[in-house]
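Okay, thanks for making time, everyone. I'd like to walk you through a structure that's new to most of you, so let's get it up on the screen.

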Number of protein chains: 2
Amino acid sequence: MTGQVRTVDGRVAGRRGQATRQKLLDCLREMLDTSPYRDVKVIDVARMAGTSPATFYQYFQDVESAILEIANDMAKDGQRLKALTEDQGWTGKGGYAAAEALVDGFLEFWREYEPILRVVDLASAEGDKRFYKVRQSILTAVTTGLTEAIEEVQAKGKTGDEVAPNAMAGTLVAMLAAVSGHQKGFETWKIKMKDVRPALSTLVFMGITGKKPPR
Amino acid sequence: MTGQVRTVDGRVAGRRGQATRQKLLDCLREMLDTSPYRDVKVIDVARMAGTSPATFYQYFQDVESAILEIANDMAKDGQRLKALTEDQGWTGKGGYAAAEALVDGFLEFWREYEPILRVVDLASAEGDKRFYKVRQSILTAVTTGLTEAIEEVQAKGKTGDEVAPNAMAGTLVAMLAAVSGHQKGFETWKIKMKDVRPALSTLVFMGITGKKPPR
DNA sequence: ATCCGATCTGACTGATCGTCAGATTTCTGC
DNA sequence: GCAGAAATCTGACGATCAGTCAGATCGGAT
């Protein structure tokens, strides 16, 4: 599906080329773990990979394109979040458990890809469509899943004055993403993630069902 | 309080110097509106301000320090958000109105400072303590305000199995900040901000009171 | 007009970017 | 195993930007 790996000038990369390319990506990712995004230099990545900057440019247009590559892999892995919204009963105790599972899925996913997600978030907020698309591919799946869940609950309840399901779903997803991306920040305050988890789960549950979760 | 404006080498800036400095800050802010953070160059800012790079370095250590300056002004302005959490009755219809006002305050504030807040967010997530402090000074005030509100409601309700007030407050604030920072993103989907506002208000209300907002 | 401190800048060094032609390594057919 | 071809890598280069400093310029006080 991804097609073959190609160099910037269109040549198909062979075994050695792919290995080098992957090594560059790995080093770039490690670099992003430790240095501010703005300070990541091609020359450093190349040096870390034991190669030359020219080689980097053989495989990537620029740093952003390389990060986009990593982000695409991440997005593929992110599709597992989608499953957490499907075929769930969202009412009663089972519903709260489902909310907890969704929350945990987000927290774990963000913990794993934090530095990449930071860049994806920034770049898409800055209007870069390539990164926007990646972000979407992760979040849209979850958003539509939740939208359907909310629609279902609202259809049964029939109070008539509910909020728009897709807006509520989008808001919940944004919330999950934001909190997941600031886990370290929360810990640095006097707020424990152990307490944040139930707060998130409760909000997800209430956002979907409009009710307080059962004890 | 801020003390006098000083150049990097410690001299106190006079009238002309302050004007130049401010012009540089203005141009930097405009630059951030239009270019990706990573692509903002000192030389461009200086050029736009009709001055030379050397002058820039007379007033700022580097680009980040200059942005931090802008961010500090913003934080000062952000203290108005704090007022939106104080002396509010958070129950019943008045409570929902208060939630709406808080949501609107966030949305407006983020609309005004979006590009700066993006950088503040990134830098503090990357562990830059200076930016982290700025972010805190805006959000902590609101978080503690909401924490108190939740504690008050819980004290009256006495169901005993509530979530931790500060975790809930922190989560709500993170949600508000996240959604506010992705307003354009929402609009690009098929989700209207007109629908997001009530979704946010509802979640804030439910997060605080544990009840569905009154019609 | 002259002086003095405040302010600005040209010019410089060093680092990184991004490119290209040519060197080096790996693969292929025999 | 070897010659030739293809794939891969790199040194070297011009361009751009970071960051510094000594000296030029400005503007107000006398």
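**Two copies and their DNA**

Let's start with how the two protein chains relate: turn chain A by 180°, with 0.0 Å of shift along the rotation axis, and it lands on chain B with an RMSD of 0.1 Å. So the two copies are related as by a two-fold rotation axis. If you want a landmark for that axis, look for M175(A), whose C-alpha is the nearest one in chain A, 2.2 Å away from it. Both copies also use the same surface, since 100% of the contact residues of chain A recur in chain B.

Before I go on, keep in mind that this is a predicted model. How confident is the predictor about chain A, then? The average pLDDT there is 92, and 97% of the residues score at least 70. Within chain A, helix 2 has the highest confidence, at 98, while helix 8 has the lowest, with a mean of 83.

Now, what is chain A built from? Nine helices and zero strands. Its C-alpha atoms fill a box of roughly 65 × 40 × 30 Å along the principal axes.

**Where the chains meet**

On to the interface. Here 39 residues of chain A are in contact with 39 residues of chain B. On the chain A side, the elements giving two or more residues are helix 5 (92-125), helix 7 (165-181), helix 8 (183-188) and helix 9 (193-209). Which of them gives the largest share? That's helix 7 of chain A, with 11 residues. By class, the chain A side comes out as 22 nonpolar, 10 polar and seven charged residues.

Let's hop over to chain B and look at helix 7 and helix 9 there. Their axes come within 10 Å and cross at roughly 170°. These two helices of chain B are therefore roughly antiparallel to each other. From helix 7 of chain B you've got M168(B), L172(B), M175(B), L176(B) and V179(B), and they meet V196(B), L200(B), L203(B), V204(B) and G207(B) from helix 9 of chain B. That contact has nine nonpolar residues, one polar and no charged ones.

**The DNA strands**

Last stop, the DNA. Around strand C there are 20 residues, and the nearest are A54(A), G14(B), G17(B), T20(B) and A54(B). Two or more residues apiece come from helix 1 (15-34), helix 2 (42-48) and helix 3 (53-59) of chain A, along with helix 1 (15-34) and helix 3 (53-59) of chain B. The surface near strand C has seven nonpolar, seven polar and six charged residues.

And which residues are closest to strand D? Of the 18 that surround that strand, they're G14(A), G17(A), T20(A), A54(A) and A54(B). Helix 1 and helix 3 of chain A, plus helix 2 (42-48) and helix 3 of chain B, each supply at least two residues of the surface near strand D. By class, that surface has seven nonpolar, seven polar and four charged residues.

So that's the tour: the two copies, their interface and the DNA. Happy to go back to any of these on the screen.

Key
Residues numbered from 1 in each chain as written. Chains lettered and ligands numbered in written order. Predicted model: local features only at pLDDT ≥ 70, side-chain atom pairs only at ≥ 80, totals over all residues. Near = placed C-beta within 6 Å. Helix = DSSP H or I, 4+ residues; strand = E, 2+ residues; numbered from the N terminus. Nonpolar A, V, L, I, M, F, W, Y, C, P; charged D, E, K, R; others polar. Least-squares fit on C-alpha atoms with pLDDT ≥ 70 in both. Contact = placed C-beta atoms within 7 Å. Axes fitted to C-alpha atoms, helices over the stretch in contact; angles between N-to-C directions. Parallel < 35°, antiparallel > 145°, perpendicular 65-115°, else oblique. pLDDT = per-residue confidence, 0-100.
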